[in-house]
Structure formats: structure tokens, C-alpha cells
Amino acid sequence: MARRRLLGAIALATAATLTVAACGSDDDEGGSTGASGKPEYTIGFQGPLSGSDSQLGVNGVNGVKTAIAEWNENPAATFTLKLVEQDDEGSPDKGPTAAAALIDNSDVLAVVGPMFSGATKASEPAFSDAGLLSVSPSATNPDLTKLGFTTFYRVIPNDAVQGEAVADYITKALKPTKVFSLDDASEYGTGLSKVLEGRLTSNGTTFVHDSINPTTDYTSEATKIISENPEVVYYSGYYSTFALLTKALKDKGYTGKIMSGDGSLDPQYIEQAGAAAAEGAVISCPCLLAQADPEAADFVASYQKVTGEEPGTYSAEAYDVTNAIIETIKGLGDDVTRESIAGKFGSIDIQGLTKQIKFTPEGEVTDAAVLIYEVKDGKLALVGTVSELTAG
Amino acid sequence: MDFVHQFWQLTVDGLMSGSLYAVIALGYTLVYGVLQLINFAHSEVFMLGAFGGLFAARGLMDGGDTPSGLASVGIVAVGLGVGAMVGALAAFTLERVAYRPLRRRGAPRLAFLISAIGASLFAVNLAGKEFGRNNVSMPEPFTNGEVFKIFGASVNTKTLVIFVVAAAMLLILDTLVARTRLGQSIRAVAQDSDTAVMMGVNVDRVIVLTFIIGGLLAGAGGFLYAMTFTASFTMGFIPGVKAFTAAVLGGIGNVRGAMLGGVLLGLIESYGGYIFQASYKNVIAFLVLVLILMIRPQGLLGERLGRAA
């Protein structure tokens with residue numbers, strides 16, 4: 001019910017912004033003068049706002065809204081911002097249509113998104129052709145920056161980075177004599193476990209590999225894991241099966257570290273495994289879960305005020321992208337066009353909420369921070385970045 | 001390979017999964033016995049029973065600490081009872097809505113199959129709508145810990161509860177089929193329903209009761225499953241397929257065969273998953289099934305294939 005109301009609100013907001021955008025589209029510079037007398041610029045958002053994965057899109061667009069609301073309320077602001085949303089359902093099929101709608105709207109000066117890797121891959125050729133900047137908060141497929149897109153950036157390290165960072169964390173911070181690496185036989189899981197195991201090998205850490213299709217009964221798998229006597233179990237898969245695996249291991253009295261990756265970073269994990277079994281589990285993610293980080297308390301409060309919800313996965317990243325775009329526009333003076341923004345964005349260097357926002361020439365973020373979370377008192381808490389934790 | 005060292009632990013694990021398969025498999029085999037049809041909606045009876053038991057147990061616990069002693073026993077008993085009742089109710093409804101109208105009209109065998117699949121899809125989607133699409137886990141009704149060791153294999157509380165309950169249910173059912181009047185009627189209908197009618201057996205009543213018995217077992221099994229693993233709207237499918245396999249392995253229509261098949265399948269999976277990569281678990285289990293059926297097409301304890309109906 002709440003979700004339906006939310007979608008309704010989003011639809012209404014989209015309709016409203018589109019109408020306003022249409023009314024003000026007679027300005028050549030893509031900016032118009034708002035009621036405050038300041039110029040008004042429009043940025044676009046592309047991500048899944050309907051369909052089964054829409055929660056991630058809602059998390060993203062709410063991060064963008066939070067950044068825009070903060071900026072528009074800032075008395076020192078020299079311009080105001082407006083948002084245009086496009087729903088791509090996270091699918092490669094719908095991506096180009098959503099991208100075309102943003103490109104055809106001449107007011108849109110820069111885009112936050114697309115959010116999913118598949119939709120990003122399908123949409124970027126059009127953004128590159130149009131010279132419209134598109135910055136993804138969340139697309140992690142390693143290949144995306146190797147395809148020659150000229151206006152594409154992302155603020156999240158790619159999938160390969162996580163596996164290597166986690167392997168370093170295990171080797172240097174946990175120093176186990178043996179690791180059990182288990183994946184869920186999915187594309188994501190096998191990809192992650194392969195990178196992880198490659199790095200463990202070069203780090204000289206012994207590991208045992210196994211692969212198990214998602215199931216509910218992990219009893220005999222738990223026996224197999226425990227018989228190998230590993231200090232660390234790393235599961236490359238998603239939260240619902242990770243919860244079952246955790247329960248099975250705890251039922252058999254396993255006392256070592258139970259770990260997983262970004263696919264398991266969801267409060268549902270604790271819900272499904274039970275707080276007692278989940279306690280002490282460690283989850284890695286290249287993303288910042290704002291509630292787990294005390295330093296992000298201001299953002300969480302502001303997000304709640306603007307959207308009436310709790311931040312979710314990728315909210316903080318979308319917030320950072322929006323602020324980076326604002327920062328770029330600020331530095332442009334009166335010359336605010338698609339071309340000038342796309343030309344200047346690559347040289348940005350600001351401290352964001354999640355990390356230092358600075359890019360390589362390919363569009364990858366230079367600060368490839370992978371964060372470690374631990375379940376404490378039934379909640380996900382941030383332990384620190386891998387580089388901090390392996391330094392000492 | 002220290003398979004030898006883990007042999008007993010794997011046996012305990014396999015027996016646990018196997019006894020759950022056996023409990024569900026009985027529902028398939030009983031219905032097959034009296035109607036000669038595979039009740040493909042049986043997995044949903046199991047799922048609904050699991051949710052029934054889970055919500056009852058959760059209602060009793062309602063947050064708070066893990067109960068102990070008599071409270072734990074009470075919660076498990078209530079969960080089993082409610083699960084069994086919900087399962088029985090679901091099976092009864094299923095028979096009334098999806099099978100009886102077809103039987104009255106003398107519909108062809110295929111119509112029953114389609115009707116069962118339809119009922120199954122209906123139940124799965126209704127449950128998904130009502131109970132959500134996420135896994136629903138049950139709070140622990142007791143503190144799970146090692147109870148005793150057997151040949152170095154650890155047996156914990158959950159495993160023990162499953163063993164005891166499943167064994168009790170299997171024993172009761174076996175006695176019921178072998179010694180009571182109802183069991184005699186079930187066997188009579190299974191052997192030759194036309195003659196049974198002439199002998200004064202109320203076939204409709206026997207069929208309904210057979211569904212209800214299968215539902216009771218599946219519902220209670222569902223509660224045990226939800227207690228050990230998790231419950232979700234799609235939870236019925238895989239155990240359903242496994243239990244059906246177990247029933248075929250043991251010889252469909254044969255009560256003791258279903259029990260044997262279930263336990264055997266659990267053991268094969270447990271050993272196979274250990275010796276080979278765990279992803280091969282199902283491959284090995286079904287390979288064994290195919291091999292056994294090649295040698296004994298009627299299943300391990302099956303008597304004959306064709307029926308002189």
C-alpha cells in the first residue's frame with residue numbers, strides 16, 4: 001500500500017516536473033529564471049522506478065532529491081535545480097527509450113544514472129552521441145568504462161575491485177590459515193569468487209572452493225565446510241541464501257567468520273537469518289550504507305526530511321553524484337551548457353559523502369574504497385574501509 | 001578425501017533431510033494408491049501447512065527471548081498441530097475443488113493433471129501475495145545445541161526433533177494402513193476400486209480421508225521444514241519434486257516404499273554433495289534414480305506396474 005502511494009507520488013512528481021520543464025523550454029541556454037531571480041537548471045535521472053528491482057531506483061532518485069533540496073535551500077546558491085525522472089525499469093530494452101526522452105528534453109543538462117549495468121550499456125551510446133553527461137551511482141560491470149563512451153562516469157568501484165579488496169582484507173586483517181570460498185553458481189557469484197580466489201592465491205592464502213546452487217537445505221554443505229576447518233567462510237551470492245547458509249553453519253556450531261559481498265548487504269539478511277545467527281557476520285560492499293555510518297548521520301536526517309524514508313543501498317552514491325554535478329555547474333559561471341558540463345566534469349575533485357570524487361580518464365572513480373560491515377546487535381554497522389583495516 | 005571421517009555426520013544430515021522427504025512423499029504415494037494420479041498440488045499443501053504452523057508458533061512467541069523447557073515443547077506441538085490442520089484443510093479443499101468435480105464427470109486422466117497444476121499455481125501466487133515474496137523465517141522455538149554424539153557425529157536439537165516427529169508419524173501411518181479398518185479400505189480401493197464398491201466400501205469417503213491424511217503429514221512436515229530452514233511462497237516446489245522422486249524411487253503407491261525412498265534420497269544427496277562439488281548434488285541424486293528405475297522400473301518396493309483395473 002505504502003509502495004503504491006509512493007509510486008503514485010513519483011508519477012505525479014514526474015508529471016509535474018515535465019509540465020514545468022515544457023513551459024520553460026524556450027530558453028536557449030537550457031536554464032530559465034526561477035521565481036527567486038536565480039537561473040534554474042535541470043538535471044535528469046534514469047533508473048528503475050517500477051518493476052521488481054524498483055527499490056534500488058527509488059533509493060537512487062531519493063538521494064538525488066535530497067541533494068537538490070539541500071542545494072535549493074542553501075541561501076548561498078547562485079542557481080536553483082530541477083529534476084526530470086525517467087523510468088528504465090532497470091532493463092536494457094527500456095534503457096535507450098528513457099535515455100532518448102532525457103536527450104530530447106533540451107533543458108536537461110546532465111543525467112544521474114542509469115543505475116543498472118545492462119541499462120547503462122544500452123543507453124550510453126546515445127548519451128555519448130548527444131554529448132550529455134551521464135554519471136552512474138551504481139553500475140558495476142567492469143567492462144562499462146572500456147567501451148569508448150565519452151560522457152560516462154561512475155562513482156562506484158567495479159565488481160573486480162571488490163573481490164580483490166576482500167581478498168586483501170581476509171589475508172591481511174583476518175590472517176586465516178584456511179578460507180572456504182563458496183559461490184551460488186550465478187553469473188554474479190562465480191564472477192566474484194573467481195576474482196577473490198585469484199587474489200587469495202597471489203596473497204598466498206590457502207582456500208577451498210565449492211559451488212552450490214541456491215537451495216534451502218545447507219545442512220550437508222555446512223558439514224562439508226566445517227570438516228575443512230576454515231577460519232573464514234566467504235559466500236559469493238545473495239542475502240536470502242546467505243541467511244540460510246549462516247543458519248545452517250551456526251546450527252552446527254561453526255564459530256569462525258562468516259562473510260559475504262554486496263549481494264548480501266540488505267537488512268533482510270538479518271531478518272531472515274535471525275539476529276542471533278547473523279551476529280558477527282561480515283559483509284563487504286563498494287557502497288556506503290548510510291545508516292551504518294555514524295558520520296553520515298546528517299545525510300540520513302536530511303534524506304528522511306526530504307523523502308520521508310530511510311536511505312537504502314546507493315542512496316548515498318546518488319547523492320554524491322548530484323553534488324558533484326552541482327559543484328561542476330558552480331564552477332562554470334554563466335556558461336552552463338551540456339557541452340561545458342560534460343567537458344568540465346572529468347576534472348572534478350571533491351570530498352563526497354562516500355569517498356573522494358575524482359575520476360580516471362576512463363571515467364572510473366580513483367578512490368576504489370571497499371567498505372566492511374559487521375552485524376552488531378542485530379544491525380549492520382560500518383567497520384571501515386579495506387585500506388584502513390589492512391594498513392595496521 | 002576424508003569422506004570416511006565425515007561419513008556418520010553426513011549420514012545424520014542425510015537422514016534429517018530424508019525423513020522430511022519421506023513425510024511428504026507419503027502424501028503422493030497414498031493419493032496415487034487410491035486414485036492412480038499424481039497430485040501435483042501436494043507441494044502447495046506442504047507450503048500452506050508450513051505457513052500455518054509458522055504463524056501459530058510466531059504468535060505464541062511474539063518476539064522476546066528464546067523459550068525453553070515446557071514452553072518450547074508446547075510451541076513445537078502447537079506448530080505441528082496447526083501446520084497439520086492447515087495442511088489437512090488445504091488437501092480437503094483441493095480434493096473438493098480440483099478433483100471431485102472431474103471425478104464425477106469421469107474426466108480423462110490428463111484433466112486431473114492440468115487441474116492439479118492449476119491449483120498449485122493458484123496457491124503459490126495467492127501465498128506470494130499474502131505472505132510476501134521474501135523468505136519468512138521463524139523465531140527459534142528452542143535453543144539449538146548438540147544433544148549427543150553418535151560415532152563422532154553430532155546430533156543437535158533440531159535434527160532430533162525432526163527424527164522423533166517424523167519417525168512417530170511414519171510409524172502411526174504404517175500401523176493405520178496395515179491394521180485399522182480405514183487402512184483396510186484404503187488398501188481395498190487401491191487394489192481394485194470397483195470391487196471395493198461392491199464390497200460396500202464408500203470410495204468417496206476413503207478418497208477424502210486419504211487426501212486428509214496426506215495433508216496432515218505434509219502440513220506437519222511443512223512446519224518442521226520452516227522451523228529448520230525457512231518458509232516462502234515457492235518453498236513447496238523443490239521438496240515436492242524430491243518427495244515425488246522419493247515416492248517413485250520406493251515404488252509409487254507403496255507406503256513403506258515412500259519412506260525408504262525418502263530416506264535413501266536424503267542420504268544419496270548428502271554423500272554426493274560431499275564427494276563431488278555441491279552443485280552436482282541433484283545430478284547425482286537423479287542419476288541414481290534413473291539407474292534404479294532402469295533395473296527396477298516399479299521402484300524398490302513396488303509390486304507391479306500395470307493395474308488390472
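**Entry 1: B:Arg296**

I began with B:Arg296 in this predicted model, and asked how exposed B:Arg296 is. Its relative accessibility is 32%, so I noted B:Arg296 as partly exposed; that label covers values between the 20% limit for buried and the 50% limit for exposed. I found B:Arg296 in the segment that follows helix H11 (281-295) of chain B. Then I looked up how far B:Arg296 is from B:Gly266: 30 residues separate the two along the chain, and their C-alpha atoms are 20 Å apart.

**Entry 2: A:Leu133**

Next I wanted a residue to set beside that one, and picked A:Leu133, which lies in strand S5 (residues 133-136) of chain A. Is A:Leu133 buried or exposed? The relative accessible area is 0%, so A:Leu133 is buried. I also checked its distance to A:Phe152. The two are 19 residues apart in sequence, and from C-alpha to C-alpha they are 6.4 Å apart in space.

**Entry 3: two helices, end to end**

I then took a ruler to some helices. Helix H12 of chain A runs over residues 315-330, which is 16 residues. At 1.5 Å a residue I expected a span of 22 Å, and the end C-alpha atoms turned out to be 23 Å apart, which agrees. How many residues of H12(A) are buried? I noted 13 of the 16, so I can call this helix mostly covered.

Helix H2 of chain B (residues 42-61) has 20 residues. Its first and last C-alpha atoms are 29 Å apart, close to the 28 Å expected at 1.5 Å a residue. H2(B) is mostly covered too, with 15 of its 20 residues buried. Just after the helix ends, I spotted B:Asp62 with a positive phi of about 50 degrees.

**Entry 4: more positive phi values**

B:Asp62 sent me looking for other backbone angles of this kind. In chain A, I found A:Asn229, a residue other than glycine whose phi is positive, near 60 degrees. A:Asn229 sits in the loop between H7 and strand S9 (232-236) of chain A. Its relative accessibility is 61%, so A:Asn229 counts as exposed.

In chain B, I found B:Phe151, with a positive phi near 50 degrees, and again this is a residue other than glycine. Where is B:Phe151? It is in the loop between strand S1 (146-150) and strand S2 (153-156) of chain B. At 60% relative accessibility, B:Phe151 is exposed.

**Entry 5: a cis peptide bond**

While I was on backbone angles, I looked at the peptide bond from A:Gly113 to A:Pro114. It is cis, with omega near -10 degrees. A:Pro114 belongs to the loop between strand S4 (108-112) and helix H4 (117-130) of chain A.

**Entry 6: helix H4(A) and its partner**

That loop led me on to H4(A) itself. It packs with helix H3 (residues 95-104) of chain A at an angle of about 20 degrees, and the axes are 7 Å apart. The angle is under 35 degrees, so H3(A) is roughly parallel to H4(A). I noted their crossing as right-handed.

**Entry 7: helices across the chains**

Which helix of chain B packs with helix H7 (residues 219-228) of chain A? I found helix H1 (residues 3-35) of chain B, at an angle of about 165 degrees and with the axes 9 Å apart. An angle over 145 degrees counts as roughly antiparallel, so that is how H7(A) lies to H1(B). The crossing of H7(A) with H1(B) is right-handed.

**Entry 8: a pair within chain B**

Helix H3 (residues 69-104) and helix H8 (residues 203-228), both of chain B, pack at an angle of about 140 degrees, with their axes 6 Å apart. That angle makes H3(B) oblique to H8(B). Their crossing is right-handed. I sorted the residues of the contact between H3(B) and H8(B) and got 19 nonpolar, five polar and five charged.

**Entry 9: the disulfide**

I finished with the cysteines. A disulfide is a covalent bond between the sulfur atoms of two cysteines. How many disulfides are there over all chains? The count comes to one. It joins A:Cys285 to A:Cys287, and the S to S distance is 2.1 Å. The torsion about this S-S bond is about 110 degrees, so the disulfide is right-handed. Both A:Cys285 and A:Cys287 are buried.

Conventions
Residues numbered from 1 in each chain as written. Chains lettered and ligands numbered in written order. Predicted model: local features only at pLDDT ≥ 70, side-chain atom pairs only at ≥ 80, totals over all residues. Heavy atoms only, no water. Axes fitted to C-alpha atoms, helices over the stretch in contact; angles between N-to-C directions. Helix = DSSP H or I, 4+ residues; strand = E, 2+ residues; numbered from the N terminus. Parallel < 35°, antiparallel > 145°, perpendicular 65-115°, else oblique. Left-handed = near helix turned anticlockwise from the far one by under 90°. Nonpolar A, V, L, I, M, F, W, Y, C, P; charged D, E, K, R; others polar. Expected span 1.5 Å × (residues − 1). Buried < 20%, exposed > 50% of the residue type's maximum accessible area, 1.4 Å probe, protein only. Disulfide = S-S within 2.5 Å.
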